[in-house]
Amino acid sequence: MRKVLLIVVLIPILGGLAWWYFREQALPDYGPLYREYAYVTNGKSNTVSVIDLRTFALAKTIPVGSEPTGIAANSKKNEIYVVNTGSNNVSVIDAERNTVVATIGVHGHPYFIDVADDGKRAYVANSGSANVSVIDLEKRMVIGNVRVGSSPGLARVSPDGSTVVVSNRGDNTVSIIDAKTLRVRATLPICQQPEEIAILPDSSKAFVACSGSSQVASIALQSDSQNSDGKKNDDQKKDRLLALLDVGRTPVSLTLKPDGGELMVCNFDSDSISIIETGNDEVGSSLEIGQHPSRGAITLDNSRLYVTNFGSNSVAVYDIDLGRRIDTINVGSRPDGIALTPDQNYILVLDTQSGDVTVIQKRTPHRTLETKEYSLMTLIPVGMQPNAIVVKAFVMTTGTKK
């Protein structure tokens with residue numbers, strides 16, 4: 001009888017403790033006007049899915065243009081920008097109402113968009129028309145189309161807003177645009193099939209992944225700084241190729257640590273990542289990470305790298321301080337895009353084939369109740385062929401509208 005009573009008493013207590021530990025942690029209460037959304041482009045559904053990150057539920061599906069691909073958020077205003085490859089335009093989404101409020105025409109076959117840190121301009125590389133459209137985000141209009149090389153894949157603006165770096169896949173060059181004059185100030189031959197671009201936080205260097213030659217190009221960007229005598233030296237006046245760094249086969253994405261010290265390269269056909277020391281342009285190490293690594297995301301404290309493995313339906317967790325992979329988490333089919341929530345406690349993974357978003361939760365492991373740091377939280381259905389994701393956290397400015 002004592003054993004029965006003990007069991008009767010212990011089961012509710014243990015159940016309560018388990019619920020307390022394993023329950024999904026709610027976000028802090030930031031007030032009724034706080035919003036936190038993830039926006040996902042669905043390439044074959046012609047829509048954008050809006051996920052409420054306070055509840056991890058689908059909040060809305062927004063019709064946009066044809067074949068939406070790239071997406072970006074404005075850090076200075078509550079707007080999201082969607083590139084529609086099939087209809088050659090950009091949809092502007094009001095994040096407070098989650099509706100399209102403008103459509104801006106660009107040129108042929110755009111794929112990506114980048115927004116300047118001051119929130120005033122956006123840059124779109126048009127791969128089908130060999131130019132870059134410059135958009136004034138206040139006026140919501142194109143203010144210039146800058147001619148660049150053949151089949152530009154990506155236009156990336158430097159953090160200081162002074163330079164736009166464009167990778168030209170068709171002629172194996174990089175175009176450097178002066179953002180003030182909207183003119184190309186240099187065209188640099190680099191490696192084969194350049195596309196992905198990363199720029200250091202101090203805007204001094206750009207790195208470009210070349211999938212066709214298994215290399216990453218390091219490029220010095222023209223500096224406006226001066227020597228002690230008030231003059232620029234010759235090196236500061238020039239945009240120039242510094243080095244071609246050999247990495248694994250088919251480097252497809254670059255992920256820069258927030259402190260700018262290291263660059264992580266996903267080598268799709270080598271099943272590996274390469275780590276580049278950005279200060280001295282050296283490949284520090286390469287290691288296996290999973291089958292066909294596609295995209296990466298790094299935590300704000302520079303400690304963890306998460307990599308989507310397109311070929312093995314998983315996400316690898318790499319501890320940067322330890323220098324090794326510490327976990328692999330199964331997700332949906334053909335994972336590609338990846339993002340972190342602002343609190344860094346959830347990983348959002350786009351499963352391109354299964355048409356959903358896998359949410360992985362990071363928690364502090366407990367010695368007795370739970371030893372794993374990462375666990376699958378939920379799957380959120382979105383549209384067909386989710387391509388890209390961006391997270392936007394903000395405070396409403398127009399009352400309590402949803």
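The exercises below, each with a worked solution, concern a predicted model of one protein chain.

**Exercise 1. The chain as a whole**

Describe the secondary structure of the protein chain, and state what share of its residues count as buried.

Solution. Begin with the secondary structure, which comes to one helix and 32 strands. Turn next to burial: of the 402 residues of the protein chain, 52% count as buried. The surface that remains exposed amounts to about 17900 Å², and carbon and sulfur atoms supply 50% of this area. Finally, consider the contacts in the chain with a separation of 6 or more, of which 43% are accounted for by residues 24 or more positions apart.

**Exercise 2. The disulfide**

Determine which cysteines form a disulfide, and explain which parts of the chain the pair ties together.

Solution. The structure holds one disulfide, and the residues that form it are Cys 191 and Cys 210. Their sulfur atoms lie 2.1 Å apart, which falls within the 2.5 Å cut-off for such a pair. The next step is the geometry of the link, which is right-handed, with 65 degrees about the S-S bond. To see what is being tied, place each partner: Cys 191 lies in the loop between strand 15 (183-189) and strand 16 (194-199), while Cys 210 lies in strand 17 (residues 205-210), so the pair joins parts that are 19 residues apart in sequence. For the surroundings, note that Cys 191 has a relative accessibility of 3% and therefore counts as buried, because the limit for this class is under 20%. Cys 210 is likewise buried, with a relative accessible area of 0%.

**Exercise 3. The sheet that contains strand 17**

Work out the strand order of the open sheet to which strand 17 belongs, and identify the edge strands.

Solution. Four strands form this open sheet, in the order 16-17-18-19, and their pairing is antiparallel. The edges are strand 16 and strand 19 (240-246), each of which pairs on one side only. Neighbouring strands are turned against each other by 25 degrees on average, direction ignored. Within the sheet, strand 17 and strand 18 (residues 215-220) pair in the antiparallel sense over six bridges, and the bridge partner of Ala 209 in strand 18 is Val 216.

**Exercise 4. A second open sheet**

Give the order and pairing of the open sheet that contains strand 9, and find the residue that stands opposite Val 124.

Solution. This open sheet has four strands in the order 8-9-10-11, with antiparallel pairing. Its edge strands are strand 8 (110-115) and strand 11 (141-147), each pairing on one side only. The twist from one strand to the next averages 25 degrees. Moving inward, six bridges join strand 9 (residues 121-126) to strand 10 (residues 131-136), and the two run antiparallel. Opposite Val 124 stands Ser 133 in strand 10.

**Exercise 5. The setting of Ser 175**

Is Ser 175 buried or exposed, and with which side chain does the side chain of Ser 175 make a polar contact?

Solution. Locate the residue first: Ser 175 lies in strand 14 (residues 173-178). Its relative accessible area is 1%, so Ser 175 is buried. The side chain of Ser 175 makes a polar contact with the side chain of Asn 168, at 3.0 Å. When residues up to four places away in sequence are not counted, Ser 175 touches, besides Asn 168, residues including Val 148, Gly 149, Val 164, Val 165, Val 166 and Thr 187.

Note on methods
Residues numbered from 1 in each chain as written. Predicted model: local features only at pLDDT ≥ 70, side-chain atom pairs only at ≥ 80, totals over all residues. Heavy atoms only, no water. Buried < 20%, exposed > 50% of the residue type's maximum accessible area, 1.4 Å probe, protein only. Pairing = 2+ DSSP bridges. Axes fitted to C-alpha atoms, helices over the stretch in contact; angles between N-to-C directions. Polar contact = N/O pair within 3.5 Å; in protein donor to acceptor, adjacent residues only side chain to side chain. Contact = heavy atoms within 4.5 Å. Areas by Shrake-Rupley, 256 points an atom, 1.4 Å probe, with all protein chains shown as cover.
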